[in-house]
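Colleague: I would like a close look at chain B of this model, from its backbone conformation to the way it meets its partner. Please take the parts in whatever order makes a connected picture, and give the cut-offs as you go.

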Amino acid sequence: MIKRLLYIGILTATGLFFSSCEKVIDVHLDTAPNQIVIEGNITDQNEVQSIRISQSVPYTDPSIYPAVKGALVTVTDNIGNSWTFTEKQPGSYSFGPFKGITGRTYSLKVILNDKTYTASSLMPVRVPMDSLSLKVITFGGKDLKQVQVHYKDPAGMENQYRWVMRINGVQTKRVFVANDRFTNGNIVADVLYYSKDDDNKELVSGDQVQVEMQCIDKSIFTYWFTLSEQTKNGPGGGVTPANPPSNINNNALGYFSAHTTQSLAYMVR
Amino acid sequence: MKQKLLFFFFYSSFFFTTAFAQQRYTLSGTIRDASTGETLIGATVKLQNASSTFGKAANDYGFYSISGAPGEYNMTVSYAGYQSQVQKINLQADLKMNISLEAANSLQEVVISAKDRKNDNVKSAQMGLEKLNMKDLDNVPVLFGEKDVLKTIQLMPGVKSGGEGNTGFFVRGGAADQNLILLDEATVYNSSHLLGFFSTFNADAIKDVSLYKGGMPAQFGGRLSSVLDVKMQDGNSKEFGVEGGIGLIASRVKVEGPIVKDKASFMVSARRTYIDLLLKASSDSSLNSNTLNFYDINAKVNYRFDDKNTLYLSGYFGQDNIGIKDLFSNDWGNTTATIRWNHVFNSRLFSNTSLIYNKYHYAIELVDKDNNARVTSLIRDFNFKEDMQYFSNRHIIRFGLQATHHRIAPSDITTTGNSSINNLAVENRYGLEMAAYVSDEWKITDRLEFLYGLRLSSFSLLGPGAINTYDASGQTSSSYQAAKGEFVKTYVYAEPRFSASYSLNEQNSIKGSYNRNTQNIHILTNANTSSPTDQYVMSSNNIKPEISDQVALGYFKNAQDNAYEFSAELYYKWLQNQIDYKNGAQLIANAEVESQLLYGKGRAYGLELYAKKTKGKLTGWLSYTLSKTERRFEGLNNGNYFPARQDRTHELSLVGIYNFSKRWTFSANYIYSTGNAVTFPAGKYSTGGLTTYYYTERNASRMPYTSRLDISATLKAKETKKYQSSWSFGLYNALNRKNPYAISFRDNKQDPSRTEAVQTSLFGIIPSVTYNFKF
């Protein structure tokens, strides 16, 4: 949070005086064999829970990710419940409705071509999102409209949050993630920075914003935090990118996340 | 151990005194500039008669001492850019002689007898040393016309730039935090202004710059890769003078003069940018209340009590401020202060005692009402150094003691009102570094010279503090509370230093060196450039001292009476206990930051070629480096070696300065370098609704190459006795090439199912003009 603010400030300050320019270039890239990608979510809502299995593709290909069919997918919890997911659509395995319970650890097991992938995730305490508001930031003589989320962080425990923001139904390309390392026990207002850099669009009056707040466990926080650090290049090229540490074993990409979910909508004035 | 070493000092000085104290007399004194009284570092004194020729160079304070058998000699005192002085002396007793040299004016410089040029670069055992000529600095074209020590250093072989227009640098495969940057002996932790586009060194105030890339003399220690030794001017002890410059970005002024003529002088030099003053002129309220500036002040006073005692006081203060109204501000800066006392015990024994203070700090302030916070951090040193030099016939023996007390305040967060952010203070860390060293520069024969020594260094992490020990996975395995002043962990290392030169003849020599260095102050970064908010950590129970071992071999040749210098150096360097951090590490204000670290190894090797023309209307140099730099960490890149980001295979720079006429000087430099080693995706997938990139090998890809031509022209206005002035016109990136600064990947905006690589370039062609004056 502090880092992000500082970073935006510095970029803007220098941007005022040093004209930088961007161009699309051709780069030579190695092509790795397609990798298994597992994306699993168990929410605290009584709904159909689903696990998606797909493959990565070479960088130069269109972003259409082949579904992985025929996997055996089961989810268990730490008090002995077990759910066998079925493939309703190619690569999409689901069960339900059922809901995840705070404090329980959910384990995923995927068997695919004689290989077994496992992961587990703890359903965190649900922290409610109180409201959304508009925050106007002025730099470089320009008003930038931003959405701010308000919540009360519970004291006496570590909490991690992720937000997914949709503007007029389109998900933004920035990863929003925070923990309470600096804000434990406080009423918090976090700005979800949204700029031209990410989506080629700025918020304007009349935009319909929808924000989903998830309370996530520590390993899932590390996953999203690592991604968020890499999304934009800092001076000199930012941090060296790497695959975010997955909580799934056997070199599968992706994550398995038990999290709470709550959505609010807001119309930009 | 310490006692043993002290004994060694006394033993060795005793030994050399007795062994060579036969019928010999010593000539000693100080060498100065005749018109300013500035001491001339490295000026040489040569004694010559029918039977022998021998010479010595003046030390860092202009002091020289040379001994010979009784007799008559021709004495020649010379220094680059000065008229040599030749006189007859009769050495029948110890003689004291202070010498003043006249500066050669630019016209005379061209006709100066080539015989006066030195071949020290060939003869001296020292290798891996780059000396920057402060006169060249005036002519080498740079960004925005702000002449800069660190940017000019980057044009030397084996020195890689931290990035476009950046003052950060890498030496022989080392990291940016492995350079010891000294200003009048005080450590400058962050040598950049304005995010690295300018260095903290105001060229006006600087007398001498030396960069040691290898063959590190024993008096230096504490960093693995290099020592950049910057010395400030003492100030004119003859007459008052004012000089300055007005540039596009910054203006500077220097005032100097005698306090007591020939006894005491002062120098004050200041510089400030004024981009934000332009902003203030704007009528837009959101613009004119933003800040973006830096300033710095160098000041020095010296007092010569008598020929045996001189006291120097010098200091530096610099500050950067960036602020955006109602949002945030960030300021940072260095402060240094040095007190030095030169004492000449006798004509052969010179001592310097230094007390040094230095501090780097930063503060970030978030002004937003919901999220207000002020974050401060600092690193502060108190330093004591005692250095003795003993000059005998064929030896210069140097020995000394050093002690440094460090304090790091990693992060202190304070908030007011209803901030979302809590107050938080990460506790201070204290450390004590000590070193004792002895070295001997030994002219064994006219052809063979050794420079060898030993540095014994120790580092102790001191209490108080909560001391946690972490296992490989970053989990706390034990913890306890250390008491105040407790030695929590101590490391002791012996660092041998050895260089030798063998002259094939007056114009050709071969040199070899080995040295070990250790480092106990580390910056946590895996970004390329230094940032104002760099996190410093000390060696501890978890972090072991970084160690490097370097061997180098070189061939040095001068031609045409030393008008041309050529050198080739090969080096290989092993690095141990290198530091990186885990993916997703949280470094800021984290009391357990040591749990987030990874430790590994490094290796670097290369070939450096350097050719320089020092005489004639056209001067300049060509440098080329072929090198490889790799790192290896358990837990990164499957434990395999990978290229460091600054691993640029080929680097070339060409600098030419053409003295067209008395009034016009033209200069140009051209650089070419292989692109940085970077990590590009090998595939992509989707998580959380976002295109996510799949990475395989670390830093296995390359940025496109960088190439740039900068040119400048300097016009001297008509000189009067009282007033001199000149105009400098520059074009940075004269070919307007779009050099790569960063490459990022994103979804194509029209067709989101396609991804594209986007190259960011920083500077196109940038003109500059500077007006310089002196009266």
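Modeller: Helices and strands are DSSP runs, numbered from the N terminus, with H or I and at least four residues for a helix, and E and at least two residues for a strand. Residues are numbered from 1 along each chain as its sequence is written, while chains are lettered from A and ligands numbered from 1 in the order in which they are written. This is a predicted model, in which local features need pLDDT of at least 70 and side-chain atom pairs count only at pLDDT 80 or more, whereas totals for chains, interfaces and linings use all residues.

The backbone of chain B is a good place to begin. Most residues other than glycine have a negative phi, and most peptide bonds are trans. B:Asn637, in the loop between β39 (618–633) and β40 (642–643) of chain B, has a positive phi near 50 degrees without being a glycine. B:Asn637 counts as buried because it has 20 C-beta neighbours inside 10 Å; the scale calls a residue buried if 20 or more other C-beta atoms, placed from the backbone, lie within 10 Å of its own, exposed if 12 or fewer do, and partly exposed in between. B:Asn733, for its part, sits in the loop between β48 (724–732) and β49 of chain B and has a positive phi of about 55 degrees, and with 22 C-beta neighbours inside 10 Å it too counts as buried. A cis peptide bond, with omega about 5 degrees, joins B:Gly463 to B:Pro464, and B:Pro464 belongs to the loop between β29 (448–462) and β30 (465–470) of chain B.

Strand β49 (residues 742–747) of chain B holds B:Arg746, which counts as partly exposed because it has 19 C-beta neighbours inside 10 Å. Leaving aside residues up to four places away in sequence, B:Arg746 touches B:Thr755, B:Glu756 and B:Val758, where contact means that two C-beta atoms, placed from the backbone, lie within 7 Å. B:Thr691 is 55 residues from B:Arg746 in sequence, yet their C-alpha atoms are 8.2 Å apart.

Two domains of chain B, 1 (25–110) and 2 (229–774), are given by the domain assignment, whose bounds come from an automatic or database source. Their C-alpha centres lie 34 Å apart, and 20 residues of domain 1 of chain B are in contact with 23 of domain 2 of chain B. On the domain 1 side, β1 (25–33), β4 (63–68) and α2 (106–111) of chain B are the elements that give two or more residues.

An open sheet of chain B has four strands in the order β3-β2-β5-β6, with antiparallel pairing, two strands being paired if DSSP finds at least two bridges between them. Because β3 (53–57) and β6 (85–91) of chain B each have a single partner strand, they stand at the edges, with one side of each lacking a neighbour in the sheet. Strand β2 (residues 44–48) and strand β5 (residues 71–78) of chain B share five bridges in the antiparallel sense, and B:Thr44 stands opposite B:Ser78.

Further along, the unreviewed UniProt entry lists residues 146–223 of chain B as "domain: TonB-dependent receptor plug"; such annotations use the numbering given here, carry shortened names and may be inferred rather than shown by experiment. Over this range the chain is 6% helix and 31% strand, with its end C-alpha atoms 28 Å apart. Strand β16 (residues 206–212) of chain B pairs with β9(B) over four antiparallel bridges, placing B:Leu129 opposite B:Tyr212. The covered face of strand β9 (residues 129–132) of chain B has B:Glu130 and B:Leu132, while B:Leu129 and B:Lys131 are on the uncovered one.

Last comes the partner chain. Chain A brings 69 residues into contact with 72 residues of chain B, and α1(A) gives the most to the side of chain A that touches chain B, with ten residues. Strand pairing also crosses between the chains, since antiparallel β1(A) and strand β50 (residues 755–761) of chain B are joined by five bridges, with A:Lys23 opposite B:Gln759.
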